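Let us read a structure together, one feature at a time. The learner asks how to approach each feature, and the teacher replies.

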Amino acid sequence: MKANNRLAFSRAPSCVTCGTQYPEAERMDVCPVCSDERQYVGWEGQRWTTSAEVAAQHEIRFEDCAGVTTLSVTPSFAIGQRAFLIPQAGGMVMWECLPIVTDAALERIAELSADGGGVQAIAISHPHFYSAVLEWSAALGGVPIYLNEADEDWVRFDSPFLRFWDGDRFTLTDAIDLVHLPGHFDGSSGLLWKTGPRPGGSLFTGDALMVAMDRRFVSFMWSYPNMVPLGPKALARLERMVAPLAFSDIYSSFAGREIIGDAKARVEASFVRYKAALEG
Ligand SMILES: [Zn+2]
Ligand SMILES: [Zn+2]
C-alpha cells in the first residue's frame, strides 16, 4: 500500500473497540491491541470497520482546552481519546491521534496553520492511541511519526514516515521533548512543552499519569478498563523518570482531565498517596 494513499488507508480494517487501523494486515481474527490483557475484545466479539465508514457518521470536534487546541471524535468512537495540536515555530506538533480523518478537520488544521507551517510531526504516547496514524500522516502530506522504540513490537504497520526514538528524553523541537514514562506500556511516553501554553510549561501524559476526577491528583494504572494498578517497582521507576521534569500543567488522555497550575507538586503528592495505598 502506498504510504501517501490516504484513501486506501481509509478502507483498511479498523478495530471497532480500540480504533486501531491495520493497513498492512490480512483481516485478523482478533485485534492485537484488544486481545492484550490491558484492553478487551468487545462484548459482541471482534468487530471490524473502516475509518471511511466511521467518518461518514462522526465529526472531529475542535476545542480550546486551557490554552491548547484539542481534537476529538464526536459522537465518541472506540477509546475516545483526544489529540492535541501544539503550535511551534516550523509547524504544529500533533500529540496523540484519532481513528478517523475528515476533510473538514483537514481544512480547519490548514486554517490554524495560516503561517504555512502546517503539521511538522505526529507523536503518540503508546499503542492504545496509534489509531489511524498512517492515514493522518498521509493526509497531512507525509508527516513523520514519532513512537517509542520500546513499543516497536506493537507497531503492526510499516511506513517510511515512522521514527523510533529511545532514551529518557528526545528533542523534538526547540521547546518540545518527548519523555519516557514507562509503566502503562514499556514505551509509554509523554510530551514536555517546556514553554507553553503558560511559562511554567506542561506535560502531556497519555495514560502514563492519568488525571483523576478531582483534578487534584493523578493515578498510575497498568490497565484502566480492567483496573489493574501499577506495582511498586514500576511505580518507583516512573517516579524517577518524572522527577527531573519541570512543568506547571498536566494534560492527560481524556476531555477535562487536566491539572492547570501547580501540577508538579500535585504529581509528587500523588506518588505519596499511591504508595500509602499500596502499603495499606
Ligand atoms: Zn482493537
Ligand atoms: Zn492506554
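**Reading one residue, then the whole chain**

A: As a starting point, Ala-246 is found in the loop that runs between helix H6 (232-242) and strand E18 (249-252); please keep in mind throughout that this is a predicted model.

Q: Does Ala-246 count as buried or exposed, and why?

A: The general idea is to compare relative accessibility with a cut-off, and exposed means over 50%. Ala-246 has a relative accessibility of 55%, so this residue counts as exposed.

Q: Which residues does Ala-246 touch, leaving out those up to four places away in sequence?

A: With those sequence neighbours set aside, Ala-246 touches Leu-192 and Gly-200. Separation along the chain can also be set beside separation in space: Ala-246 and Glu-63 are 183 residues apart along the chain, and their C-alpha atoms are separated by 26 Å.

Q: How many helices and strands does the protein chain have, and how is its compactness judged?

A: The protein chain contains seven helices and 19 strands. Its radius of gyration is 18 Å, which is close to the 19 Å given by the globule rule for 280 residues, so the chain is as compact as a globular protein of that length. Along the principal axes, the C-alpha atoms fill a box of roughly 50 × 45 × 35 Å.

Q: What share of the residues counts as buried, and what share of the contacts with a separation of 6 or more comes from residues 24 or more positions apart?

A: Of the 280 residues in the protein chain, 55% count as buried. Among contacts with a separation of 6 or more, 59% are made by residues that lie 24 or more positions apart. As for the outside, the accessible surface comes to about 12100 Å², and 50% of that area belongs to carbon and sulfur atoms.

Q: Which residues touch the most other members of the largest nonpolar core?

A: That core has 44 residues, and Leu-71 and Trp-136 are the ones that touch the most other members. Helix H5 (residues 133-139) gives the most to this core, contributing four residues. Beyond its neighbours within four places in sequence, Leu-71 is in contact with several residues, including Ile-60, Phe-62, Leu-85, Met-94, Ile-109 and Trp-136. There is also a second, separate core of 22 residues, and among its members are Leu-181, Val-218, Val-242 and Ile-259.

Q: Where should I look for cis peptide bonds?

A: The general idea is that most peptide bonds are trans. In this model a cis peptide bond joins Thr-74 and Pro-75, with omega about -10°, and Pro-75 lies in the loop between strand E4 (68-74) and strand E5 (83-86). A cis peptide bond also joins Gly-196 and Pro-197, with omega about -5°, and Pro-197 has its place in the loop between strand E12 (189-193) and strand E13 (202-206).

Q: Which residues other than glycine have a positive phi?

A: Here the general idea is that most residues other than glycine have a negative phi. Ser-131, in the loop between strand E7 (119-123) and H5, has a positive phi near 40°. With 1% relative accessibility, Ser-131 counts as buried, because buried means under 20%. Asp-262, in the loop between strand E19 (258-260) and helix H7 (263-278), has a positive phi near 60°, and with a relative accessible area of 52% Asp-262 is exposed.

Definitions and conventions
Residues numbered from 1 in each chain as written. Chains lettered and ligands numbered in written order. Predicted model: local features only at pLDDT ≥ 70, side-chain atom pairs only at ≥ 80, totals over all residues. Heavy atoms only, no water. Helix = DSSP H or I, 4+ residues; strand = E, 2+ residues; numbered from the N terminus. Rg over C-alpha atoms; globule rule 2.2 N^0.38 Å. Buried < 20%, exposed > 50% of the residue type's maximum accessible area, 1.4 Å probe, protein only. Contact = heavy atoms within 4.5 Å. Areas by Shrake-Rupley, 256 points an atom, 1.4 Å probe, with all protein chains shown as cover. Core = buried A, V, L, I, M, F, W, Y, C linked by side-chain atoms within 4.5 Å.
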